[in-house]
Amino acid sequence: VAGAPGDGTILGAAYVRLGQTAPLSGPWIELSAESSLSQPGRAVAAAGDVNADGIDDLIIGAPPLSALTTDEGGAYVLLGPITASRSLATATGRVGGGEDVGTVVAGVGDTDGDGYDDIVLGLPTCDDGGPNTGAVALVPGPVAGVYDVDSLSRFHNAVETSQLGSAVSGPGDVDGDGLD
């Protein structure tokens, strides 16, 4: 999966290349904007298997173009299998809200042991702990429906301008307890 968010005047997209024996040849599937007010492809990641059906899923970040459009954009979860007929409008899950939702996304595996992989969103401009302290929001699997970022479990920072959540990753089971 590759992101091409555009420059604010050109609509962005994310492109998915299905596995084939010839590297990078063949068709790419375009997942384009459902709104002219977002930048799909700003962040892209493997989501793991958020619905536990044995097929990997994708998360595509499409943040609002500006703070004035907080009701547009977000992060989209597309359940596999991914086919040529898919678009962001067919996303199974969507997380919206302010705070640049969709600028930083990652699949983090099954963090709570329920059999469903989870995703995290970086919110580096979140002001809950002070100006640009940042936060990380967890979207637990199974992911389905529309979520408001304010309703999700979040970890906040207390250091002003630290922009927690500027990068997020799923490192796996780092303490050996059987949970990612």
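**Strands, cores and a small charged network**

Strand β6 and strand β7 (residues 93-96) run antiparallel to each other and pair over 3 bridges. In this predicted model, one spot where the two strands meet is Val 77, which stands opposite Gly 93 in β7. On the β5 side, β6 pairs again in the antiparallel sense, this time over 5 bridges. Here Leu 58 is the residue facing Leu 78 in β6. With 5 of its 5 residues buried, β6 is largely enclosed by the rest of the structure.

Stepping back to the whole protein chain, the count comes to 12 strands and 0 helices. Read from the N terminus on, the elements simply go β-β-β-β-β-β-β-β-β-β-β-β. Of the 180 residues in the chain, 42% are buried. As for the outside, the chain exposes about 8,400 Å², and carbon and sulfur atoms supply 54% of that area. Contacts across the sequence also stand out: among those between residues at least 6 apart, 53% join residues at least 24 apart.

What about the inside? The largest nonpolar core is made of 22 residues. Ile 59, Val 95, Leu 121, Val 139 and Leu 152 are the ones with the most contacts inside this core. Several strands feed into this core, with β4 (43-48), β6 (74-78), β9 (118-123) and β10 (135-139) each giving at least two residues. Val 95 makes a handy example of how the packing works out. Leaving aside residues up to four places away in sequence, Val 95 touches Gly 73, Gly 74 and Ala 75, along with Val 101, Leu 121, Val 139, Tyr 147, Val 149 and Leu 152. Apart from the largest core lies another one, of 11 residues, and its members include Leu 31, Ala 62, Leu 78 and Ile 82.

Now for the charged residues. The structure holds 2 salt bridges. In one of them, Arg 154 pairs with Asp 128, and the closest N and O atoms are 2.6 Å apart. Arg 154 sits in strand β12 (residues 153-156) while Asp 128 belongs to the loop between β9 and β10, so this pair ties together parts that are 26 residues apart in sequence. Asp 128 counts as partly exposed, because its relative accessibility is 45%. Arg 154 also forms a salt bridge with Asp 150, where the closest N and O atoms are 3.4 Å apart. Asp 150 is exposed, its relative accessible area being 54%. Through shared partners, the salt bridges join Asp 128, Asp 150 and Arg 154 into one network.

Another aspartate worth a look is Asp 49, found in the loop between β4 and β5 (57-62). Is Asp 49 buried or exposed? Its relative accessible area is 13%, and the cut-off for buried is under 20%, so Asp 49 counts as buried. A polar atom of the Asp 49 side chain lies 3.2 Å from the backbone nitrogen of Asp 53. Beyond residues up to four places away in sequence, Asp 49 touches Gly 54, Ile 55, Asp 56 and Asp 57, and also Tyr 116 and Asp 117.

Key: Residues numbered from 1 in each chain as written. Predicted model: local features only at pLDDT ≥ 70, side-chain atom pairs only at ≥ 80, totals over all residues. Heavy atoms only, no water. Core = buried A, V, L, I, M, F, W, Y, C linked by side-chain atoms within 4.5 Å. Buried < 20%, exposed > 50% of the residue type's maximum accessible area, 1.4 Å probe, protein only. Helix = DSSP H or I, 4+ residues; strand = E, 2+ residues; numbered from the N terminus. Contact = heavy atoms within 4.5 Å. Salt bridge = Lys/Arg side-chain N within 4 Å of Asp/Glu carboxyl O. Polar contact = N/O pair within 3.5 Å; in protein donor to acceptor, adjacent residues only side chain to side chain. Areas by Shrake-Rupley, 256 points an atom, 1.4 Å probe, with all protein chains shown as cover. Pairing = 2+ DSSP bridges.
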